[in-house]
Amino acid sequence: MSEIAIIGGTGLTSLNGLQIKRKRMVPTPWGEPSGPVTYGELFGNQVVFLARHGYQHTIPPHKVNYRANLWALKQIGVEKIVAVAAVGGIHPELGPGSLAIPDQIIDYTWSRGHTYFEHDLTSVTHVDFTHPYSETLRDGLIRAAQRAGVVVRAGGTYGATQGPRLETAAEIERMERDGCDLVGMTGMPEAALARELGLQYAACAVVANWAAGKAMGAIDMDQLAETLSGGMEQVRRLLEQAIPAI
Ligand code: HPA
């Protein structure tokens, strides 16, 4: 059994180099995960993989059953999760094609199933979320990037938006004033649910485009997809070093 899971986002619905052993649909009290969990071997290590948006990339960010996804991973014995996510770059040093291992989150999402603590409670439960990502896992990813010769920004605040539309330029300006360096649609409630389940969780963000208003003109979706596929190659190199180490 593998204790490490990779959740793949846009641009990573399958993992190159993953030798698939089996797939299993894991039922949960929260409904169906985005798809069957894939058990496999990546560079000689056991890992499990789950495509956040489904293996055909059909589930939009606000419809992902985050509760079921994380519950399923916990259920099968996963302890550590590396979440890969496409983002827009807000910080001047986070242009298209760059990678970041964020260390903070601001949540702008709404109306998503965002907690396990809402039914049949014997008492109200709160979890500490001061540092939303596992420092140990982040450290492992940053060191792995150095070994792989992949440039990553070690830190940054991830602003999670509702989607599926991209943001307005004014929304991005506000997010920048708030202190966001990156903008994505899936970082929450995923990170918080991982914390509620006691799972170690860190994210590897791949910048697909300048966030709205940060470059001339509209965001070009074809360009975004092309940048993302180059970025995912870097992620694969990073994971090759990271998986055995973490
Ligand atoms: N905004 C939100 N999510 C994203 C973006 C963006 O600009 N690019 C990729 N995912």
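Ala, Val, Leu, Ile, Met, Phe, Trp, Tyr, Cys and Pro are counted here as nonpolar, Asp, Glu, Lys and Arg as charged, and the others, Gly among them, as polar. By this division, the shell around the ligand in the predicted model holds five nonpolar residues, three polar and one charged. The structure is a predicted model in which local features need pLDDT of at least 70 and side-chain atom pairs count only at pLDDT 80 or more, while totals for chains, interfaces and linings use all residues. Residues are numbered from 1 along each chain as its sequence is written, and side-chain values use heavy atoms, with hydrogens and water left out.

The residues around the ligand, those with a heavy atom within 4 Å of it, are Ala86, Val87, Gly88, Leu166, Glu167, Val183, Gly184, Met185 and Asn209. Strand 5 gives the most to this shell, with three residues, strands being DSSP runs of E of at least two residues and helices runs of H or I of at least four, numbered from the N terminus.

Polar contacts, taken as pairs of N or O atoms within 3.5 Å, link the ligand to both backbone and side-chain atoms. A nitrogen atom of the ligand lies 3.4 Å from a backbone N or O atom of Ala86, and a ligand nitrogen is likewise 3.4 Å from a polar backbone atom of Gly88, whereas an N or O atom in the side chain of Asn209 is 2.7 Å from a nitrogen atom of the ligand.

The secondary structure of the protein comprises five helices and 11 strands.

Technical notes:
Polar contact = N/O pair within 3.5 Å; in protein donor to acceptor, adjacent residues only side chain to side chain.
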